Amino acid sequence: MRLSKMLFVTLREDPKEAEIPSHKLLVRAGYIRRIGSGIYAYLPLMWRVLQKVSQIVREEMNATGAQECLLPQVQPAELWRESGRWDTYTKAEGIMFSLTDRRKRELALGPTHEEVITTIAKDMIRSHQQLPIHLYQIQTKFRDEIRPRFGLMRGREFIMKDGYSFHSDEESLKKTYRDMDQAYRNMLTRCGLQYRAVEADSGAIGGSGSQEFMVLAEAGEDEVLYTEDGKYAANTEKAVSLPVDAESSAFSEYKKLETPNTTTIETLANLLNCSPTQIVKNVLYQVVYDNGTTVLVLISIRGDQEVNEVKLQNELTKLAPEFSAKTILSLIVPDQEAQEKWATKPLPLGYISPNLEDGYITPPTPCLGKGGNGETTPPATNTGNESTTPPATNTGNESTTPPLGKGGAGGVYLANTPTGGVYPKFVRIVDQTASELKNFVTGADESGYHVVGANWGKKFTLPTSIVDIRKAQKGDRAIHDPNQILHSARGIEVGHIFQLGIKYSQAMGATFTNEDGEELPLVMGCYGVGVSRLAQSAVEQSYDKDGIIWPMAIAPYQVIIAIPNITDAQQVEIAEKLYTELNQAGIETLLDDRNERAGVKFKDADLIGIPYRIVTGRSIKSGKVELVERATHNAQEIAIEDVITTLKQNIQAALEN
């Protein structure tokens, strides 16, 4: 391609909307142009990159026996309602574009295709003899991101490879899952990227297990925790670890102390001269389920730890059936405005204890419901605000909160909570780090006061729901080997593979007949690669002050020939000759034949990141040209007749590394 004939415009200044280097460079170098919020046009250079990435993905998928297809982008709402994800994606996640056609039918633009592919399997797969089968596509996806940013990293329209496999059992699924793990490693290696495969949270996709593939880059939105022995790596949303040991408490006697202006762990620890590891902090969350029910959740966690809201959301999703719900619409720390909707009086924020009384929550209004018949009083054994199943050892100062589970979370029967109303008791959850503390410090439920020397089972009843909801962090010890310390890196998620199991097939009635004639739900896997995100992540990982440095395998062109002076007939002649011969030799070559100064051409060549630049300058009088390697800026003069051989060797070596 001749640059003079290409739609090619570069910018000297960074675009205002761009925040990270790769986004700035792709716009400046003429690869992409913003059309709207989170919507970009892929210009000729970028399209070549995307085609190369897609081809690598396609080759690795085909090598595993997967079959390529193309699924519809417009999807009927009833498929998503059948799987139970319509509300999750249109309300809770809020990322699906939904619309109504002229016949008043609800539709969606596909953010993902589990429902569509499961419908196809339901219609076409009958017998175990058809299994396993693996289908994939490379297609544009649509997601209504709340805050589109970073160019192609988090846009509202993007290119993705998504694949789906169907199996007769878990063993077959795990084999394909392992095949995909290797295929994804091959893809990223061939694209010339440094990456890390990590354990991940399955999110709204679901399933029993998943793994993300992270391209390592400082601008990555995700934090990866890993051990140097190579035996553990996980996204912080999923990561588990052993925290630093808690220090021994200096408080052996239970006391209530005045602690003014200590609404933070730091100020409290400084005032009491104690370690944050001996403080139990209590964090209040508000969750709204898909049936409109609002539940207040009180989390007790060690003072030096933070709540992992992804882990918390997963725990609360498990509780959804307790509230006659399926999923979560929102999870927030309630601000003053939110509190006004349910709080009977101002909360002692910063001074809350694990025993915060349920009386802070406005009682539900009488309503008809399952087993309720309009009653607001639980079974006969319950009196006032007491739990229906209080602990046998409860003596006055202890919490009356029962276990989560049978009888309703917190012990109040769900029939007494109107759908769309507020659940009348706090759901209490304690993190493992807090559950182990002795003689700890915590709030006194009175502004300006804390208690010290507190213990579970004496002044505070330990909630039955003890789970890991803390955020693992750099410096923690690894669970598999406490001698290994977790290290941190930033990453860009470009791939994610899931073991879905029977989540979708069971919900949508996609079954097969096994060898014994039994009808069973299909076992599924799901495998995604962000093609456009991967392309930009390559730039985020490899650039310098002069511009992009493309890996050889996905560079739009392998060589650019720059003619310093197009009025010099000999320079033009040699450039034209090399341009023709290189392309004939299978070396993808771009010719900069524009009527521009040499300095402009060299700057543009560096900016767009072509791996090699040939300059037909003054050295042609001695039968040589200058060959410049973009990554290192190393320059050498080589004989014109050696150009093709030299470049072939260099390109082959780059593709093999």
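1. Start with a term: two residues are in contact when heavy atoms lie within 4.5 Å. Keep this in mind for helix α14, residues 598–608. Its buried residues are V600, K601, D604, A605, D606, L607 and I608. What covers these buried residues? The cover includes two helices, α1 and α2. It also includes the strands β26 (547–548), β27 (559–562), β28 (589–592) and β29 (612–615). After α14 comes G609, with a positive phi near 80 degrees.

2. Now step back to the whole chain. This is a predicted model. The protein chain has 657 residues, and 53% of them are buried. It contains 15 helices and 31 strands. Along its principal axes, the C-alpha trace spans about 100 × 65 × 50 Å. Take the contacts in the chain with a separation of 6 or more: residues 24 or more positions apart account for 69% of them.

3. Next, the domains. The chain is divided into domain 1 (44–67 + 117–240 + 485–541), domain 2 (255–362 + 419–470) and domain 3 (557–656). Note that domain 1 is written as several stretches of sequence, and so is domain 2. The C-alpha centres of domain 2 and domain 3 lie 65 Å apart.

4. Look inside for the largest nonpolar core. It holds 62 residues. Which of its members touch the most others? They are Y31, Y184, W550 and I608. Helix α2 (residues 44–63) gives this core its largest share, eight residues. Domain 1 and domain 3 each supply at least three residues to the core. One name here should be familiar: I608 is also among the buried residues of α14. As background, nonpolar side chains tend to be buried together in soluble globular proteins.

5. Y184 deserves its own look. Leave out residues up to four places away in sequence. Y184 then touches M61, K161, F213, G495, H496, I497, Y527, G528 and V529. Apart from the largest core lies another, of 26 residues. Among its members are W80, A121, M508 and L522.

6. Helix α1 is mostly covered. Six of its eight residues are buried. Which six? They are S22, H23, L25, L26, V27 and R28. G30 follows α1, and its phi is positive, near 80 degrees.

7. How does α1 (residues 21–28) pack against helix α12 (residues 531–541)? The angle is about 105 degrees, and the axes are 8 Å apart. Angles of 65 to 115 degrees count as roughly perpendicular, so α1 is roughly perpendicular to α12. From α1, the contact uses P21, S22, H23, L25 and L26. From α12, it uses Q536, V539 and E540. These contact residues divide into four nonpolar, three polar and one charged.

8. Finally, pick out Q313. It lies in helix α8, residues 309–318. Is Q313 buried, exposed or partly exposed? Its relative accessible area is 29%. Buried means under 20% and exposed means over 50%, so Q313 is partly exposed. Setting aside neighbours within four places in sequence, Q313 is in contact with I328 and L331. Q313 and F97 are 216 residues apart in sequence. In space, their C-alpha atoms are 24 Å apart.

Terms used:
Residues numbered from 1 in each chain as written. Predicted model: local features only at pLDDT ≥ 70, side-chain atom pairs only at ≥ 80, totals over all residues. Heavy atoms only, no water. Core = buried A, V, L, I, M, F, W, Y, C linked by side-chain atoms within 4.5 Å. Buried < 20%, exposed > 50% of the residue type's maximum accessible area, 1.4 Å probe, protein only. Helix = DSSP H or I, 4+ residues; strand = E, 2+ residues; numbered from the N terminus. Axes fitted to C-alpha atoms, helices over the stretch in contact; angles between N-to-C directions. Parallel < 35°, antiparallel > 145°, perpendicular 65-115°, else oblique. Nonpolar A, V, L, I, M, F, W, Y, C, P; charged D, E, K, R; others polar.
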